[in-house]
Amino acid sequence: MAEMASTSAPRTAAKMKDAAATLSGDNQTLLADIRKAMVKMKEVGVSLEKQNKTQMVKELETEFIELLKAYEECANISTAIDSVGNSYRPGEQPTDFKKLIDNEMAKTKRRSLSPQFNQLLRQFKEAIWNVHNSGQPMPGEEQEDIVMTSTQSTLLNNTCPLSGKPVTELSEPVRSMDCKHIYEKSVILQYIRSKHGQPKCPMAACPKIIIADRVVCDALLHIEIQESRAMNQRASKPDVIEDFTMDSESEGSS
């Protein structure tokens with residue numbers, strides 16, 4: 001019996017890891033849909049601001065913040081599920097998965113992804129502000145803050161550490177599920193094959209181990225890359241209001 005338990009434990013852990021990866025992947029699709037909704041809300045807000053419908057813009061901003069909170073909660077759940085799937089080891093007693101998920105959620109919230117979400121809210125406000133005040137700093141900001149905040153991306157790295165290409169120009173971008181760094185698919189897979197054993201992420205100072213089956217192109221990555229492209233375009237042409245939803249939808253259907 002002991003031998004049977006010892007051989008079945010790894011299989012159980014592997015199944016749990018696969019199930020967690022599937023759930024986390026589904027959650028990434030939901031996150032991508034929420035981001036698309038945010039883009040649409042930003043476009044509606046710009047349209048309302050052009051019509052000087054100030055009250056409606058304020059109400060839309062309130063709804064945007066609520067959607068942002070849901071996005072943060074969804075992102076935390078995704079991280080918690082993935083973490084439980086990677087660390088789960090079956091024991092003699094039945095596993096309380098709810099407790100495991102709750103514990104990981106608490107850890108995730110302590111690590112807080114707030115800077116990214118604050119940035120998304122700032123981008124919404126900036127799009128509205130630029131309708132009548134393009135090139136001027138928003139209240140409470142300095143002139144030099146404009147370039148920095150207008151071109152900030154939610155992507156963790158803007159250049160592939162191996163190919164040197166900008167992430168927005170990668171032909172097959174993929175992201176590590178563990179450290180969230182982004183690479184060209186063929187280059188990172190070749191890097192992993194060449195480093196027999198457990199290669200570390202090639203990004204400077206990143207201690208995470210890179211595993212081939214955990215380097216993927218999740219649904220959210222395409223959305224974030226399109227957002228980054230749009231911000232680059234807006235930085236070069238300040239009067240352009242980004243519209244990349246059709247591009248991202250066509251990518252998803254291809």
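In the predicted model, Glu-61 and Lys-125 are joined by a salt bridge in which the closest N and O atoms are 3.8 Å apart. This pair connects distant parts of the chain, since Glu-61 belongs to helix H2 and Lys-125 to helix H4, with their positions 64 residues apart in sequence. Glu-61 is classed as partly exposed because its relative accessibility is 23%. Lys-125 is likewise partly exposed, at 34% relative accessibility. In total, the structure contains nine salt bridges.

Helix H4 also holds a salt bridge between the side chains of Arg-122 and Glu-126, with an N to O distance of 3.2 Å. Because the two residues are four positions apart in helix H4, about one helical turn separates them. Arg-122 is buried, with a relative accessibility of 14%. Glu-126 is buried as well, its relative accessible area being 3%. Both values fall under the 20% limit that defines a buried residue.

A further salt bridge is formed by the side chains of Arg-175 and Glu-224, at 2.6 Å from N to O. Arg-175 is located in strand S1 and Glu-224 in helix H7, so this pair ties together parts of the chain that lie 49 residues apart in sequence. Arg-175 counts as buried at 8% relative accessibility, and Glu-224 is also buried, with a relative accessible area of 2%. Arg-175 and Glu-224 are members of a salt-bridge network that further includes Arg-35, Asp-218 and Glu-227.

Turning to the nonpolar interior, the largest core comprises 22 residues, and those with the most contacts inside it are Met-38, Phe-64, Leu-68 and Tyr-71. Two or more residues are contributed to this core by each of helix H1 (2-50), helix H2 (54-87), H4 and helix H7 (219-236). A second, separate core consists of 17 residues, among them Val-167, Tyr-183, Cys-201 and Ile-210.

The surroundings of Leu-68 illustrate contacts made across the sequence. Apart from neighbours within four places in sequence, Leu-68 is in contact with Met-38, Phe-117, Leu-120 and Leu-121. Of these partners, Leu-121 is situated in helix H4, which spans residues 114-133. Leu-121 is assigned to the buried class because its relative accessibility is 17%. When residues up to four places away in sequence are not counted, Leu-121 touches Phe-64, Ile-65 and Leu-68. The C-alpha atoms of Leu-121 and Phe-64 are 7.9 Å apart in space, although the two residues are 57 positions apart in sequence.

Outside the helices and strands, Thr-168 occupies the loop between helix H5 (145-150) and strand S1 (173-176). Despite this loop position, Thr-168 is buried, with a relative accessible area of 16%. With residues up to four places away in sequence left out, the contacts of Thr-168 are Ile-225, Ser-228, Arg-229 and Asn-232.

Terms used. Residues are numbered from 1 along each chain as its sequence is written. This is a predicted model: local features need pLDDT of at least 70, side-chain atom pairs count only at pLDDT 80 or more; totals for chains, interfaces and linings use all residues. Side-chain values use heavy atoms; hydrogens and water are left out. Buried means under 20% relative accessible area, exposed over 50%, partly exposed in between (1.4 Å probe, protein chains only). Contact means heavy atoms within 4.5 Å. A nonpolar core is a set of buried Ala, Val, Leu, Ile, Met, Phe, Trp, Tyr and Cys residues joined through side-chain atoms within 4.5 Å. A salt bridge is a side-chain nitrogen of Lys or Arg within 4 Å of a carboxyl oxygen of Asp or Glu.
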